[in-house]
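Trainee: Please take me on a close look at a single part of this structure. Then lead me on from there to whatever else deserves attention.

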Amino acid sequence: MDHVPFKHKRTTLERAEKFISPHYFTDINLRSRLYRERGALTSIKHFAVQDRVSLNKALQGHFKKTCIGEAFGPVWSTHWFELEVTIPASWQGQEVHLLWDSGSEALVWVQGQPVQGLNSDSRTSYPLTRKVEASKLHHIVHIEMACNHLFGIGNLALVKPEDDQRTFTLKQAEIALFDRDVYNLILDVETLHDIAKELPDCNQRSYQALYTVNEMINQIEVQDRSTYKRAQEIAQEFFQQTNGESQHTVYAMGHAHIDTAWLWPYDETKRKCARSWSCTLRLMEKYPDFTFVCSQAQQYAWVKQLYPSIWEDICKFVRTGQFVPVGGTWVEMDGNIPNGEACIRQFLYGQNFFQKEFGVKCKEFWLPDTFGYSAQFPQIMRHCGVSRFLTQKLSWSLVNKFPHHTFYWEGIDGSVVLTHFPPGDSYEMKGKVQELLKTIHNFKDKGRSNCSAFLFGYGDGGHGPREDMLGRLERLKDCDGLPKIKLASSDAFFSNIEAERPNRLCRWRGELYLELHNGTYTTWAKVKKYNRQCEILLQETELLCTMAWVQRSMQKSGSTDYHYPKAKLDALWKLLLLNQFHDVLPGSSINMVFHDAINFYKEIVSSCASLINTALRIYHGACTERHSPDLEPFLVNTQPFARREVIKLSHLDSPRPSPKRRKLAGADASLEEDNDATHVEVQIPSYCVKPLSECTIPDQSKSQVTIEREDDQTVLTNDKLKVTMDSLGRVTSLLCYDAVTNRWSQEAIDSVHPANQFLLYDDVPLYWDAWDVMDYHLETRKPIVTPIQRLRVDEDSNPTHVSLEVSLQISDKSYLQQKIILEAGSPFVRFDTEITWHENRKFLKVEFPTTIHATECTYDIQSGFLRRPNHFNTSWDSARFEVCGHKWADLSEHGFGVSVLNNCKYGYSAVDGILRLSLLRSPKSPDFKADMGVHTFSYAVMPHNGSFQEAGVIQAANSFNCPLRVVDLPPLPTDLIEPKEGAGINKSLFEINTSQVLVQTVKMAEDGSPTIIVRLNETFGGSVVATLTSKLKFTDVHVCDGLEDLHNEDKELEWHIRPHYSKGTP
């Protein structure tokens, strides 16, 4: 009789591990029996193409024989293989797999259809047949091989130039008999091993698992399949011991986060979707309880266009509730940089797609991998009919641990959304015991909620859930000692939270700031510049096209020969939204991605220019085919407020008066007024197209600019500002004029440290090169003080527009040139900057030390503003050493403040009254060429009396980013200037009675009806009664949301608007 040995935990665990190991004792352990027999392929033929071509096109090529061991390339190329398979007759009735490993990603095609993705990292087998039939022993299979692996061609963030030279070797191509019983036993042993290992020694369940797995191994003779059944029974006895009712429930959802672009270009993502989702669909066919959540309407649209058979299956499983659209947005966009209207359009186009294709609207915003979340998101979500939010990215924060996993998130206007962070801190779980235990141990809202989300499947590069993950979850779904597991949808999960006791949940107000990846506010400056430009340009285009449609309709008594270009505008918006994906707009992708992105931006710019040209001619009353030799300049204001500013004219077609010159006041005798100058001060109503001759201000003498020299200081003065600069172009004094008290303000600039001081910092992060700037960079501050050309007056100057030039050496490879401009009547001094930049991991900023004493700095965000600390009191404060803002930032004390405006920058910092604007970075991975070259941008500093709201900072920043347009058009017909109806072309399309509310958007309705959508936005942060007036006569007025769903009818165009609120009216 055998004695009972003392069971040593470590040796028993390692015994179980080696019993199923793919690396140790593989000639005798259980895994060695997974494929009992193997067979060679009858033939392997190959056809190489440089581009991504369809199977039908590939089949027109010449396939040549190849073999295992051959290498294929170059990177990003495509290789098609034709495999001839003959299954041995002795394998009848058994499951046969095709084993393929080309060291890359691949897609299996059978009978001309894509059926399953493959990749060398996690999926190298395709079930050729579940049960071999005598009549189906011969198969032809095609493999589409992509010369890249799951994460492109490099090593995550450490992509190197030499990666472009790699090739991919065909390591395996064969068929094999798959033993399903062995597969299930491997999962049993693995799961029991993990329970025994991961549960603490004080937990008796750990030892129960240990003894159970040991008993199984004792029972199994790997070469005797008759021993398998008893081993399976032993495992089932353990797994069937169930949990109590109070146990935490994990809602498990299949997930395949696919970056729309990152370490691969957009075109490769299209194939990644096919490779990933085909795998998921095959699992759905076998596991009817399996649910898979999937976001990003753009990816669905690609699959619909390129893979109709996959699309057909997706539609089928959406109807069964297994394939679940989530998120409601066009892509998973960046959470900081897109403006408010672009965020709304993400939902508009995303939700419209899901509604049209599947008849569903997503209830949750799905953004698991974005680098922080704007404080305006809850408001935007609610405006678009979404009440729930899921992400996990804040688990990456370096300094502070976020205090909740399930909570209410409140936005700047008071809107609230139910929010969940999966406590396993990942969106690509594998169904492991360790992950489940981390989920329940890490959950910070115990007692307030008793459930959490668990997203399983390979992600980032896609491929999603695998069968073994479902096998683990099935074994653990109600296993004593572990949380309960329920395969479910996101809606079922959030509904369960709402059905618990939601009043117990805590509330978080303001932004969800990620204490990492804050270099992405600055990396790849050109993309960010194009983004700002195109966001504004698309809104301008919609406005002018709407104005053209309105004008033509009024002329034609309700009918029009001009059609609002909705289809074209939709296509352009979708290109912009695509480029706002969270690895494109932040600048954290490979160079190929930005090549595509820049081309898309250029298409938006050129197409909008064409649409605007047509719209202005139609609005003007001229047929687009008409060519008049008599043209005159017209001024176009696309902003919702009247403007008075200086414009630059490239030419005037009308005869010009003879020049009259007079000396300017001050010591600089070289600066003279010239009536032939190209700069003119004008004023124009909101939303208006008006002849320049009617906009020019007759008497400009009061607002003109003077220039004086005092030692090495240069002083510029107009009726609003007095700015003093040293020879390096640094601002040493800045005053604004108070018309009420009739005197100059207090000094805005610190007496010791000048403003407009350029700074160079070392910028070497811990790992994520393009993503991160670390706090220690602040210790490497180096002022740029080496002149190439000291400050001098630009020859383009005149009393309406004074420009000073300065050039500075940044390094032996980089330099900058700057024009410092003050114009007549301008409340700010402008800095037009050109930088030639060839640095290696350096960070360029410009700083403005102020005299302002304040605890907070205010930043422009999507459609409102956010206040952040102007100090480093706590770890939460100091962790925000670099933050995201949009068009302006402001430091104010009571009665006085200083704002910095910009036209394309997003990175800021403010501490102790010093406001810094981040300009350029120079990371080397994943794009070695990031930001190298010439950059042009503008910023401005605006001191002001009173609050920034009262001083018009918001309007000034909007104008700074959207210059008045000057276009040449035929003279107006008389009946269009002041028709009897009083709706003349010179009159504003819309006006609002308070500067506190701005019109954010004017466009035609999505449904194609003769309905105008007007989106209003409260900008000051306070309640107000706003009245909208228009030269148009409306038959109906309704309040609508961001999806243009009607909420109620209004008799009057007057509303009470709460702080920061957005309201749509059709």
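**A close look at a loop**

Mentor: P74 sits in the loop between β4 (71–72) and β5 (78–86). Helices (H or I, at least four residues) and strands (E, at least two) are DSSP runs numbered from the N terminus. The model is predicted: local features need pLDDT of at least 70, side-chain atom pairs need 80 or more, and totals for chains, interfaces and linings use all residues. Residues count from 1 along each chain as its sequence is written, and side-chain values use heavy atoms, without hydrogens or water.

Stay with P74. The peptide bond that leads to P74 from G73 is cis. Its omega is near 0°. Now look at W76, which lies in the loop between β4 and β5 as well. W76 is not a glycine, yet its phi is positive, at about 75°. Is W76 buried or exposed? W76 is buried, because its relative accessibility is 10% (buried is under 20% relative accessible area, exposed over 50%, partly exposed in between, with a 1.4 Å probe and protein chains only). So this loop brings together a cis bond into P74 and a positive phi at W76.

Both features turn up again elsewhere. Take the cis bond. The peptide bond from S925 to P926 is cis, with omega near 10°. P926 is placed in the loop between β45 (914–920) and β46 (933–945). Now take the positive phi. E1044 has one, near 70°, and E1044 is a residue other than glycine. Look for E1044 in the loop between β52 (1038–1040) and β53 (1046–1049). E1044 counts as buried, since its relative accessibility is 14%.

Another loop residue is T291. T291 is found between α6 (266–286) and β14 (292–294). With a relative accessible area of 9%, T291 is buried. Its C-alpha is 5.9 Å from that of G254, although 37 residues separate the two in sequence.

Next, look for charge pairs. Side chains of opposite charge can pair when their charged atoms come close. How many salt bridges does the structure hold? There are 67 (a salt bridge puts a side-chain nitrogen of Lys or Arg within 4 Å of a carboxyl oxygen of Asp or Glu). One of them joins K363 and D491, at 3.4 Å from N to O. K363 lies in the loop between α9 and β16 (364–366), and D491 lies in helix α13 (490–499), so this pair ties together parts that are 128 residues apart in sequence. K363 is partly exposed, at 44% relative accessible area. D491 is partly exposed too, at 29%.

Compare a pair at 2.6 Å, N to O: D832 and R830. D832 is partly exposed at 23%, and R830 is partly exposed at 24%.

Then go inside. D860 and K887 form a salt bridge, with the closest N and O atoms 3.7 Å apart. D860 is in strand β39 (856–860) and K887 is in the loop between β41 (883–884) and β42 (888–893), so the pair links parts 27 residues apart in sequence. Both residues are buried. Elsewhere, shared partners join R52, E105, E144, E268, R271, K272 and R275 into one salt-bridge network.

K887 also points you to empty space. The whole structure has 10 cavities of 30 Å³ or more (a cavity is a set of points on a 1 Å grid over the protein atoms alone where a 1.4 Å probe fits but cannot get out; lining residues have an atom within 4 Å of a point). The largest has a volume of about 600 Å³ (points are joined across faces, edges and corners, and volume is the space filled by probe spheres on them). It is lined by 34 residues, and K887 is among the closest to its centre, along with Q539, Q639, N958 and Q1000. Which elements give two or more residues to this lining? They are α9 (340–358), α14 (525–555), α19 (953–961) and β49 (997–1004). Helix α14 gives the most, with 6 residues.

The second largest cavity has a volume of about 80 Å³. Its lining includes Q392, F402, H404, H405, D425 and K444.

Conventions:
On a 1 Å grid over the protein atoms alone, a cavity is a set of points where a 1.4 Å probe fits but cannot get out, and a pocket is an open set with protein on both sides within 12 Å along at least five of seven lines; lining residues have an atom within 4 Å of a point.
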